[in-house]
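Subject: Structure handover

Hello,

Here is the structure you asked to have passed on. My notes on what was found in it follow below.

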Amino acid sequence: MKEFLLLMALVMSSLLGFSQNQLPVTESGKASFYSKSWDGRRTSSGEKLNSTLYTAAHKTLPFGTLVRVTNLTNCNWVIVKINDRGPHIKNRIIDLSWGAAKHLGMIAAGIAEVEVEVVE
């Protein structure tokens, strides 16, 4: 069934003239998070970092993009807004605000295996 839905999405996107880059993006890998000491610093988008808001840094997604981040260990998920560039550590795909990381249950471990999916 999943393969059928993917095939239908590809067919519909080609009929409507969309490129594959405009289909929902999903990637898996390691997530880390900003410590609370980063509060108030400017992000790459110009916003001030607020550890209680659900925001994140991604290397390529446009600022303002909403993504669903799922902790693959406990299945907790959260929707965050991309407002910064990063992570700047090899083999990490996203840096989360402290609040988002807490919601995902990854504060004690420091990092988590996650799935990131563009929702808007």
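In this predicted model, I94 is in contact with a scattered set of residues once neighbours within four places in sequence are left aside. K30, A31 and S32 are on that list, as are A56 and A57. The others are V67, V69, I82, P87, V114 and V116.

I94 is also one of the residues with the most contacts inside the largest nonpolar core, a group it shares with V67, V69, V80, L96 and V114. That core has 19 residues. At least two of its residues come from each of β3 (66–71), β4 (77–84), β5 (92–96), α2 (98–104) and β6 (112–118). Strand β6 supplies the largest share, with 4 residues.

Next, the salt bridges. The count comes to 2.

One of them joins K30 and E113, with the closest N and O atoms 2.6 Å apart. This pair links distant parts of the chain: K30 is in strand β1 (residues 26–33) and E113 is in strand β6, 83 residues apart. Both ends are partly exposed: K30 has a relative accessible area of 32%, and E113 has one of 34%. K30 is also among the contacts of I94 listed above.

The other is between K81 and E47, where the closest N and O atoms are 2.9 Å apart. K81 belongs to strand β4, whereas E47 sits in the loop between β1 and β2 (55–57), so the bridge ties together parts that are 34 residues apart in sequence. Here too the two ends are partly exposed, K81 at 29% relative accessibility and E47 with a relative accessible area of 31%.

E47 has a further polar partner. Which side chain makes a polar contact with the side chain of E47 at 3.2 Å? The partner is N83, a residue of strand β4. Is N83 buried or exposed? Its relative accessibility is 2%, and the cut-off for buried is under 20%, so N83 counts as buried. Not counting residues up to four places away in sequence, N83 touches T43, S44, S45 and E47, together with T55, A56 and F63. A56 appears in the contact list of I94 as well.

To sum up the E47 part: the E47 side chain pairs with K81 in a salt bridge and with the N83 side chain in a polar contact.

Regards

Notes: Residues are numbered from 1 along each chain as its sequence is written. This is a predicted model: local features need pLDDT of at least 70, side-chain atom pairs count only at pLDDT 80 or more; totals for chains, interfaces and linings use all residues. Side-chain values use heavy atoms; hydrogens and water are left out. A nonpolar core is a set of buried Ala, Val, Leu, Ile, Met, Phe, Trp, Tyr and Cys residues joined through side-chain atoms within 4.5 Å. Buried means under 20% relative accessible area, exposed over 50%, partly exposed in between (1.4 Å probe, protein chains only). Contact means heavy atoms within 4.5 Å. A polar contact is a pair of N or O atoms within 3.5 Å; within protein, one must be able to donate a hydrogen and the other to accept it, and residues adjacent in sequence count only if both atoms are side-chain atoms. A salt bridge is a side-chain nitrogen of Lys or Arg within 4 Å of a carboxyl oxygen of Asp or Glu.
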